[in-house]
Amino acid sequence: MVAGITVADTQILLGGVFKGTFERRALTVGDVEVEVRRNPDARDDEAPSNDFVRWPVQVETEPTTQDGEAVAVEIVSRILEALWGVEAQAVAACDFEDELPWKGGIQLLGSSEPE
């Protein structure tokens, strides 16, 4: 989940990171498909808070092969770091959060300085 950047700007950013082009809302990165879309649970009348499930942008990754599962941690890590690098808020919600930087970003919520 992402706040502080639009869907379009997220696509531009990640297209540059992975040196690819989004076809509709999806970008293929090796054996992983990355999709960027508006979060259907977002509330336009709310300012972003620590309730990241309501942040306006969703980035979904889906392995297309078993090899994709093996590189998912690396790809999601790169996505998070790119978003944090442009000062967007980003938190991953996945089965491997503990393997990601800042536990997928959850350690950065409510903290002015990373631990």
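How many aromatic pairs does the structure hold? Just one, and we'll come to its geometry below.

## The overall picture

Keep in mind that this is a predicted model. The protein is built from two helices and five strands. Reading from the N terminus, the elements go β-α-β-β-β-α-β.

Of its 115 residues, 37% count as buried. If you take the contacts with a separation of 6 or more, 51% of them come from residues 24 or more positions apart. On the outside, the protein exposes about 6,900 Å², and carbon and sulfur atoms supply 45% of that area.

## Helix 1 and its neighbours

Helix 1 covers residues 7–17, and its buried residues are Thr10, Gln11, Leu13, Leu14 and Gly15. What do these buried residues pack against? They meet strand 2 (26–29), strand 3 (32–38), strand 4 (57–63) and helix 2 (66–85).

There's a backbone detail to look at here too: Lys19, just after helix 1, has a positive phi of about 50°.

## The largest pocket

Now for the empty space. Rolling a probe the size of a water molecule over the atoms shows where such space is left. In this model, the largest pocket holds about 360 Å³, and 19 residues line it. Nearest its centre are Val59, Glu60, Thr61, Ala93 and Cys94.

Which element gives the most to the lining? That's helix 2, with six residues. Strand 4 and helix 2 each bring at least two residues to the lining. By type, the lining residues split into 15 nonpolar, two polar and two charged.

## A closer look at Thr61

Thr61, one of the residues nearest the pocket centre, sits in strand 4. Is Thr61 buried or partly exposed? Its relative accessibility is 25%, so Thr61 counts as partly exposed; the cut-off for buried is under 20%.

Leaving out residues up to four places away in sequence, Thr61 touches Val32, Glu33, Val34, Val76 and Ile79. Cys94 is another of the residues nearest the pocket centre. Thr61 and Cys94 are 33 residues apart along the chain, with 9.8 Å between their C-alpha atoms.

## Back to the aromatic pair

So who makes up the one aromatic pair in the structure? The partners are Phe52 and Trp55. Their arrangement is edge-to-face, with 6.2 Å centre to centre and 70° between the planes. Both Phe52 and Trp55 are buried.

Definitions and conventions. Residues numbered from 1 in each chain as written. Predicted model: local features only at pLDDT ≥ 70, side-chain atom pairs only at ≥ 80, totals over all residues. Heavy atoms only, no water. Buried < 20%, exposed > 50% of the residue type's maximum accessible area, 1.4 Å probe, protein only. Helix = DSSP H or I, 4+ residues; strand = E, 2+ residues; numbered from the N terminus. Contact = heavy atoms within 4.5 Å. 1 Å grid on protein atoms, 1.4 Å probe; cavity = no way out; pocket = protein on both sides within 12 Å on 5 of 7 lines; lining within 4 Å. Points joined across faces, edges and corners; volume = space filled by probe spheres on them. Nonpolar A, V, L, I, M, F, W, Y, C, P; charged D, E, K, R; others polar. Phe/Tyr/Trp six-rings, centres within 6.5 Å; stacked < 30°, edge-to-face > 60°. Areas by Shrake-Rupley, 256 points an atom, 1.4 Å probe, with all protein chains shown as cover.
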